[in-house]
Amino acid sequence: MSQASAHKDIVLAFSGGLDTSFCVPYLQERGWAVHTVFADTGGVDAEERAFIEQRAAELGVASHVTVDGGLSIWQGFVKPFVWAGEGYQGQYPLLVSDRYLIVEAALKRAGELGTKVISHGCTGMGNDQVRFDLAVKSLGDYEIVAPIREIQKEHTQTRAYEQAYLEERGFEVRAKQKSYTINENVLGVTMSGGEIDHWKTPGEGARGWCKPRAEWPSEKLSVTLGFEKGEAVSLDGKKMAGDKLLVKLNELFAAYGVGRGMYTGDTTIGLKGRIVYEAPGIVSLLTAHRALEEAVLTKQQNRFKPEIARKWVELVYEGFYHDPLKTDLEAFLASSQSCVNGEVVLETQGAQVTAVEVRSPHILNAKGAVYAQSADWGVAEAEGFIKLFGMSSTLWAEVNR
């Protein structure tokens, strides 16, 4: 870091966790006036939010602001993600996509302070550094300071180093932060570190919102989600803002252990990354939305749309949130949702959620036909269709017997 940058303002995207807590004294000791921004994207309660603000104060930051990002993450990520309907590598529901909204909050604060220097607590091994840096570079000309990447040049066990660094300066480290890296937002919880990184059974400490089997309610849970143009707009007949609806779904389905999983992903930089994740609300939304789509989209739409969805998911996962291709793909996704209107009843007795009923004026019912029960065509028509439909394959068989 150059001497010219000493004593200038720097904006740090702050969560109160081990990495970003370490960043504060590290930057201060290098001459920066550190201004922290916590973008509350819905994953913390009032107690945790107060802890984060208190943590910033005890670390001696120059200023701290908390920004409400719940609605932004719904509009900017959840809505198009549910339209897409695909997890990364068929599984992971992109739970750290709030990073892009965090960047926007940090840059807004930088503008208020008149600085062009941004900092984050991303490591040099993970995906978040790519998401954060590419988003910053796409939105303006800024200097990026990444303390965790800097210490990795000299220290291999960075979490242990960070912990010792803070404790030597009189700052306590919470027990759960010693074992795991934990990220929470309205989308869900991700946990890595410890035995998770070594493909071993996660310990009891690696649990977020989802209740274990012994604590599931005995009665079945049933909820009805209403959709307009592919967007969830109501819960049990009550209109709700998207971010509030997602919070409620998280609460309801977490009690039944819905949405918890483990996966090993191919990260942006090529390493294998294993995490435990919990996403009760997102998993429930995806289940309901897919059931409605299956009933109202044409066969060709249902076949083709996953191809677009997978590319959209890859772009967001790998940091290309502001790439114009993402915007292009979202135009297709939005067009596909024009008739995705109706209600879906979801049920769970624990662990899995099922769409048990679909109601929509757009269900593609044939008036005189029901699959495997009744038809409004004759036997000759069916036989003719089969003959023509399979002609290429049957001809090959006849010629090459």
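1. A quick definition to start: two strands pair if DSSP finds at least two bridges between them. With that in hand, look at S11 and strand S12 (residues 272–278), which pair in the antiparallel sense over seven bridges. One of the residue pairs to check is Gly265, whose bridge partner in S12 is Gly273. Keep in mind throughout that this is a predicted model.

2. That pair of strands belongs to an open sheet of four strands, ordered S6-S7-S12-S11, and the pairing is antiparallel. Strand S6 (181–185) and strand S11 (260–266) stand at the edges; each has a single partner strand, so one side of each is left without a neighbour in the sheet. If you like to think in terms of twist, neighbouring strands here are turned by 25° against each other on average, with direction ignored.

3. There is also an open sheet of five strands, and its order runs S10-S9-S8-S13-S14, with antiparallel pairing. Which strands stand at its edges? They are strand S10 (238–239) and strand S14 (352–359), each with a single partner strand, so one side of each has no neighbour in the sheet. Helix H10 (residues 280–296) packs on this sheet and touches S8, strand S9 (231–235), S13 and S14. The direction of H10 makes about 35° with that of S14.

4. Within the five-stranded sheet, strand S8 (residues 221–228) and strand S13 (residues 342–350) run antiparallel and are joined by seven bridges. If you want a register check, Gly226 has Glu343 as its bridge partner in S13.

5. Thr224 sits in strand S8. Is Thr224 buried or exposed? Its relative accessible area is 16%, and the cut-off for buried is under 20%, so Thr224 counts as buried. Leaving aside neighbours within four places in sequence, Thr224 is in contact with Ser234, Leu235, Asp236, Gly237, Glu343, Val344, Val345 and Arg359. Glu343 in that list is also the bridge partner of Gly226.

6. Ile118 is in strand S4 (residues 117–119). With a relative accessible area of 0%, Ile118 is buried. Not counting residues up to four places away in sequence, Ile118 touches Ile10, Val11, Ala106, Leu107, Ala110, Phe132, Tyr142, Glu143, Ile144 and Val145. For a distance to test against your own script, Ile118 and Asp133 are 15 residues apart in sequence and 9.7 Å apart in space, C-alpha to C-alpha.

7. On to the helices. The axes of helix H3 (residues 70–84) and helix H12 (residues 324–336) come within 10 Å and cross at roughly 70°. Angles of 65 to 115 degrees count as roughly perpendicular, so that is the label for H3 and H12. H3 passes H12 in a left-handed crossing. On the H3 side the contact is made by Pro80, Trp83 and Ala84, and on the H12 side by Glu330, Leu333 and Ala334. By class, the residues of this contact are five nonpolar, no polar and one charged.

8. H3 has a second helix to look at: the axes of H3 and helix H9 (residues 242–254) come within 8 Å and cross at roughly 90°. H3 and H9 are therefore roughly perpendicular to each other too. Here Gly70, Leu71, Trp74 and Val78 in H3 meet Gly242, Asp243 and Leu246 in H9. The class split for this contact is four nonpolar, two polar and one charged.

Terms used: Residues are numbered from 1 along each chain as its sequence is written. This is a predicted model: local features need pLDDT of at least 70, side-chain atom pairs count only at pLDDT 80 or more; totals for chains, interfaces and linings use all residues. Side-chain values use heavy atoms; hydrogens and water are left out. Axes are lines fitted to C-alpha atoms, for helices over the stretch in contact, and angles run from 0 to 180 degrees between N-to-C directions. Helices (H or I, at least four residues) and strands (E, at least two) are DSSP runs, numbered from the N terminus. Angles under 35 degrees count as roughly parallel, over 145 as roughly antiparallel, 65 to 115 as roughly perpendicular and the rest as oblique. A crossing is left-handed if the near helix is turned anticlockwise from the far one by less than a right angle, and right-handed if clockwise. Contact means heavy atoms within 4.5 Å. Ala, Val, Leu, Ile, Met, Phe, Trp, Tyr, Cys and Pro count as nonpolar, Asp, Glu, Lys and Arg as charged, and the others, Gly among them, as polar. Buried means under 20% relative accessible area, exposed over 50%, partly exposed in between (1.4 Å probe, protein chains only).
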